[in-house]
Amino acid sequence: IWVTDGTPGGTRTLHDFESTAMPSGFTTPVLFKGLLYFAYNDSTTSALWTTDGTPANTRLLKNLDVNPDNAGFGGFGLLSSVVINSKLFFSAYSRAAGNEMWSTDGTAAGTALFKDINPGPEGSDAFFVFNTGAYAGTGFTGNGNFSYQQFYTPYKGKYYFTANDGAHGAELWATDGTAANTTLVKDINPGSESGLSDGFASGYYTSTGIFFAADDGALGEEPWVTDGTDASTKLVADINKNNPDGSDFTYLFIYNNQLYLDASSGGQNSSLYKINGATGTLPLRLLSFSAQKQPQSVLLNWVTTNEVNVGSFSIERSIEGSHFSGIGTQLAIPVNEASKNYQYNDISALQAGSSTLYYRLKITDKDGKSIYSPVLMVQLENGVFTVKLSPNPVRDQLTVSFSAGASARATLRVIDVNGRQLFQQVYAGAPSAAMQQNIDVSRYAKGIYFVQLVTGSGTKSLQFVKE
């Protein structure tokens, strides 16, 4: 695995797994509690790793394959992952349980099988339902980073996913993050046959329900809708009347509060259909959301479209990415416009006690129901604590200038690319005091090294080159 800062000199190996077995590659990483989580699989093991972008902090979190001596390898559903109650939920493979839903709180002890939906090695192939509306509206976060997690969103306090429990086939399930409340929503295709496609599912999340594709075993795949209850999970329309082949339809987009789809009522031709009225109303689409550091604050901007019944936006901030507190509120703009622009300036950001801040929006409608935006991360490079190196590259003596910010205690370290600690000094003194440390590096071998400043507010790492 490699890392780059966009320059040839800053493009380097982050970690060498040195596997003698044929690797199956890395999964797309996801951000959780300030770290990137990724899976590494080879012919015998399936493991979850984390990194903060430095070799010293790229480490194995847990080996999830409970029987690593057998041949074969497993895969991860980190692409289909959500954060519920400060835990990351994802699909993972083990030879004992197959593909099932796992969760982690960021520790090895807190990484475990969440629920064995289909007991035994077959697994349930659990996969969260992709929010097609969120994908269409917010392909990129405001800081330019692509985010998958924002597309797996809650509906009425629960997350929806497909799973096969071995008795009902692949059907629609829901969870609130507890095993007791992880249940089958409806057996759409009664019996052991599947009502939903295995492995991947998507839907349009609207104000009155989630629209998705399903097959009841008699009418073929047609549009269905649910609000999370068995009774409300029903067929929208049998477009290709009484034909077990279905209408071969595709949801397209929402326009003027109506959901459009392309479908065939028989034969080779397809037609454009729409779902009229409130059933097609999308409560809100977040076109963009950005957070940018200013000299003395962090400026948040967001743009919405298709606002329906929105009351307010609460701006929430966190210093570690999981526990958020409200710092301000913006009322929804009452005028009827195609798109609406909002702005909030967090003037207390530099006093938050961390060099890394996380922001999200709590969007509340006039009925009191709420949804959350994607989470954005902002690095305060000149904020609560700083580290500067000079000269860089260096031959003999490296000068480290730093401030511990709000922390009264700080630890300064020098680490080589193999993670070995070559220097450490602990400081205790007045918070926010500027300090300087000279380090003799004349005997270091030529190459790349890292300076780490560890405080109660977090860790900051910088790279230097020894000539």
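The questions and answers below concern strands and a surface patch in a predicted model.

Local features need pLDDT of at least 70, side-chain atom pairs count only at pLDDT 80 or more, and totals for chains, interfaces and linings use all residues. Residues are numbered from 1 along each chain as its sequence is written, and side-chain values use heavy atoms, with hydrogens and water left out.

User: Which strands stand at the edges of the open sheet of five strands?
Analyst: Strands are DSSP runs (E, at least two residues) numbered from the N terminus, and two of them pair if DSSP finds at least two bridges between them. The order in this open sheet is β13-β17-β18-β19-β20, with mixed pairing. Each edge strand has a single partner, so one side of it is left without a neighbour in the sheet, and these strands are β13 (130-131) and β20 (234-235).

User: Which residue in β17 stands opposite phenylalanine 130?
Analyst: β13 pairs with strand β17 (residues 202-205) in the parallel sense, over two bridges. Opposite phenylalanine 130 in β17 stands serine 202.

User: Is strand β22 mostly covered or uncovered?
Analyst: Buried means under 20% relative accessible area, exposed over 50%, and partly exposed in between, with a 1.4 Å probe and protein chains only. In strand β22 (residues 258-263), five of the six residues are buried, and the strand is therefore, by this definition, mostly covered.

User: What is the relative accessible area of leucine 252?
Analyst: Leucine 252 is found in strand β21, which is joined to β22 by five bridges and runs antiparallel to it. Leucine 252 is partly exposed, and its relative accessible area is 34%.

Note on methods
Helix = DSSP H or I, 4+ residues; strand = E, 2+ residues; numbered from the N terminus.
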